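Take a look at the chain shown here. The report moves from its overall layout to one helix contact and then to a pocket.

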Amino acid sequence: MTTLKSKLQEDLNAAIKERDELRSSTLRLTLAAITKEEVAGKEKRELSDDEVLKVITKEAKKRREAADAFAQGGRAESAEREKAEGEVLAAYLPKQLSDDELNAIVAQAVEEAKAAGAEGPRAMGAVMKIVNPKVAGQAEGGRVAAAVKKLLAG
């Protein structure tokens, strides 16, 4: 069974052989982030695929935020680079939910929360608790929270 980490390592080796600078540097940085996470605790350990996914998600989010910042700062070339790195990482992440799919999951969660007695702004936490495990890795926290707020305000 190939772990996600070993897949990244294989893809890095292939990218180096192909002299694909973008892929190899992106994967190298991501593997470094994974290693950093592995030695962060009291003792070194192997990350599970889920934990590796979390690291990749975090790295992809960093790229998106950096791309936005560069674009706003008028540094189009740097923004493009960050975007391209983000796309390399996106290939390892679960497919992101469309707005419609996300809204459907949130709407169902709002109903569940209401049935359990959570209403109004206080329902936010209850709804997030129901939604988060269902969308894990498939939608960014900010997007999820915005969808929940919108439906609760509705």
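## Layout of the chain

The C-alpha centres of domain 1 and domain 2 lie 29 Å apart. This is a predicted model. The domain assignment puts domain 1 at residues 3–91 and domain 2 at residues 99–153. The C-alpha trace of the chain spans about 55 × 45 × 25 Å along its principal axes.

What is the secondary structure of the chain? It comes to seven helices and zero strands. Read from the N terminus on, the elements run α-α-α-α-α-α-α.

## Where H1 meets H3

Helix H1 covers residues 4–17, and helix H3 covers residues 49–72. They pack at an angle of about 55°, and their axes are 8 Å apart. That angle makes H1 oblique to H3. An angle between 35 and 65 degrees is neither roughly parallel nor roughly perpendicular, so it counts as oblique.

Which residues make this contact? From H1 come Leu4, Lys5 and Leu8. On the H3 side they meet Asp49, Val52, Leu53 and Ile56. Sorted by class, the contact has five nonpolar and two charged residues, with no polar ones.

## The largest pocket

Now turn to empty space. Rolling a probe the size of a water molecule over the atoms shows where such space is left. The largest pocket holds about 790 Å³ of space. Its lining has 31 residues. Nearest the centre of this pocket lie Leu53, Thr57, Lys58, Gly137 and Ala139. Leu53 is also one of the H3 residues that meet H1.

Four helices each give two or more residues to the lining: H3, H4 (76–90), H6 (123–135) and H7 (141–153). Which of the elements gives the most? H3 does, with twelve residues. Both domains take part: domain 1 and domain 2 each supply at least three lining residues.

The table sorts the lining of the largest pocket by class.

| Class | Residues in the lining |
|---|---|
| Nonpolar | twelve residues |
| Polar | six residues |
| Charged | 13 residues |

In short, H3 packs against H1 and also helps to line the largest pocket.

How values were computed: Residues are numbered from 1 along each chain as its sequence is written. This is a predicted model: local features need pLDDT of at least 70, side-chain atom pairs count only at pLDDT 80 or more; totals for chains, interfaces and linings use all residues. Side-chain values use heavy atoms; hydrogens and water are left out. Axes are lines fitted to C-alpha atoms, for helices over the stretch in contact, and angles run from 0 to 180 degrees between N-to-C directions. Angles under 35 degrees count as roughly parallel, over 145 as roughly antiparallel, 65 to 115 as roughly perpendicular and the rest as oblique. Contact means heavy atoms within 4.5 Å. Ala, Val, Leu, Ile, Met, Phe, Trp, Tyr, Cys and Pro count as nonpolar, Asp, Glu, Lys and Arg as charged, and the others, Gly among them, as polar. On a 1 Å grid over the protein atoms alone, a cavity is a set of points where a 1.4 Å probe fits but cannot get out, and a pocket is an open set with protein on both sides within 12 Å along at least five of seven lines; lining residues have an atom within 4 Å of a point. Grid points are joined across faces, edges and corners, and a volume is the space filled by probe spheres set on the points. Domain bounds come from an automatic or database domain assignment.
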